[in-house]
Amino acid sequence: MLFPLPTVLVVTGNMKEANIITIAWITMHTGKPPTLGIAVGIRGYSGEQIKANKNFSVNIATVDIMKEADFCGITSGKEVDKFDVTGFTKLPSMHIESPIIKECPVNLECKLVESNMVGPSNHFIGEILETHIDTDHLGNPEDPSALNILKVNPLIYYSGVREYWNLGEKVGDAYTVGKELI
Ligand SMILES: Cc1cc2nc3c(=O)[nH]c(=O)nc-3n(C[C@H](O)[C@H](O)[C@H](O)COP(=O)(O)O)c2cc1C
């Protein structure tokens, strides 16, 4: 019942042979250097690819691509070419072999820096070497370096009941509203 969770598409492999896995178990670990962690099951294809290539990209899914994102979470790269079926566009990364997905508004290029087994799952820690943000189409006029989160319409995963949701409304400013109680 840890919810809501983001829905991201993790791309492994290289421009010639790339795979996509849908991941909701993802979290930032450190800010400097920027690192994140993902939990990847051992039965699928992606874990082996990440171990072999030592890099992966994280691509934020949106409501617009819900069906494609779900498809990548219910099929295996062992059997299908997920780029072929979804029609997603592969773009070369700047620092890693794994491509990024053009249709996703935010893409993080990650280099594998640590890998552990936690029970039956791989826990991969990636250092974020580059971040791509589609501010051309989804920018925030008040802050040109940031996204307009409502335009992005991120795909939220409600894990307890296995449902997809969209974002609600802003209700306050973090690190600020609590000051009223100081
Ligand atoms: C919404 C959603 C979230 C998922 N989150 C994870 C996750 O965090 N970790 C994981 O290992 N699998 C997760 N899965 C399952 C994998 O995406 C699934 O096992 C996939 O078929 C593996 O593909 P692969 O064999 O090509 O690597 C999720 C699936 C869905 C639909």
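A residue is taken as exposed if 12 or fewer other C-beta atoms lie within 10 Å of its own, and by this criterion Arg162, with 7 other C-beta atoms within 10 Å, is exposed. Arg162 belongs to the loop between E13 and E14 of this predicted model, and its phi is near 55°, a positive value in a residue other than glycine. A second residue with such a backbone is Lys54, which is not a glycine and yet has a positive phi of about 60°; Lys54 is placed in the loop between H1 and E6 and, with 17 C-beta neighbours inside 10 Å, counts as partly exposed. Most residues other than glycine have a negative phi, and most peptide bonds are trans. Against the second part of that background stand two cis peptide bonds, one of them from Phe3 to Pro4 with omega near -5° and the other joining Lys32 and Pro33 with omega about -5°. Pro4 is found in the segment before E1, whereas Pro33 lies in the loop between E4 and E5.

The loop that holds Arg162 connects two strands of an open sheet of 3 strands, which are arranged in the order E1-E13-E14 with antiparallel pairing. Strand E1 (5-6) and strand E14 (163-165) form the edges of this sheet, and each has a single partner strand, so that one side of each is left without a neighbour in the sheet. Strand E13 (residues 156-158) is paired with E14 in the antiparallel sense over 3 bridges, and Tyr158 has Glu163 in E14 as its bridge partner.

Another open sheet is formed by 7 strands in the order E3-E2-E6-E9-E10-E5-E4, and here too the pairing is antiparallel. At its edges stand E3 and strand E4 (26-30), each of which has a single partner strand, so one side of each lacks a neighbour in the sheet. From one strand to the next the twist averages 35°. At the E4 edge, E4 and E5 are paired in the antiparallel sense over 4 bridges, with Thr30 opposite Thr35 in E5.

Within the sheet, E6 is joined to E2 by 4 bridges, the two strands running antiparallel, and Leu9 stands opposite Asn59 of E6. The pairing of E6 with E9 is likewise antiparallel and extends over 5 bridges, among them one in which Val58 has Leu108 of E9 as its partner. E6 is mostly covered, 6 of its 6 residues being buried. In a regular strand the side chains alternate between the two faces of the sheet. In E6 both faces are covered, since Asn55, Ser57 and Asn59 on one side and Phe56, Val58 and Ile60 on the other are all buried.

Helices are packed against this sheet. Helix H1 (residues 46-53) lies across strand E2 (8-13), E3, E5, strand E6 (55-60), strand E9 (106-118) and strand E10 (121-133), and runs at about 55° to E2. H2 also packs on the sheet, where it touches E2 and E3, and the direction of H2 makes about 100° with that of E3. The buried residues of H2 are Glu68, Ala69 and Cys72; viewed down the axis of H2 they fall within an arc of 100°, so they line one face of the helix. The cover over these buried residues includes E2, E3 and helix H3 (82-86), while the face of H2 turned away from its buried side carries the exposed residues Lys67 and Ile74.

Several of these elements also contribute to the surroundings of the ligand. Strand E3 (18-23), strand E5 (35-41) and helix H2 (66-74) each supply at least two residues of the shell around the ligand, and the largest share, 4 residues, comes from E3. Of the 21 residues around the ligand, Trp25, Gly44, Ser46, Gly73 and Ser76 come nearest. Considered by class, the shell comprises 9 nonpolar, 10 polar and 2 charged residues. The ligand shell thus draws on E3, E5 and H2, of which E3 is an edge strand of the sheet of 7 strands and H2 is a helix that packs on that sheet.

Key
Residues are numbered from 1 along each chain as its sequence is written. This is a predicted model: local features need pLDDT of at least 70, side-chain atom pairs count only at pLDDT 80 or more; totals for chains, interfaces and linings use all residues. A residue is near a molecule or strand if its C-beta atom, placed from the backbone, lies within 6 Å of it. Ala, Val, Leu, Ile, Met, Phe, Trp, Tyr, Cys and Pro count as nonpolar, Asp, Glu, Lys and Arg as charged, and the others, Gly among them, as polar. Two strands pair if DSSP finds at least two bridges between them. Axes are lines fitted to C-alpha atoms, for helices over the stretch in contact, and angles run from 0 to 180 degrees between N-to-C directions. Two residues are in contact if their C-beta atoms, placed from the backbone, lie within 7 Å. A residue is buried if 20 or more other C-beta atoms lie within 10 Å of its own, exposed if 12 or fewer, and partly exposed in between; C-beta atoms are placed from the backbone. The arc is that of the directions from the helix axis to the C-beta atoms.
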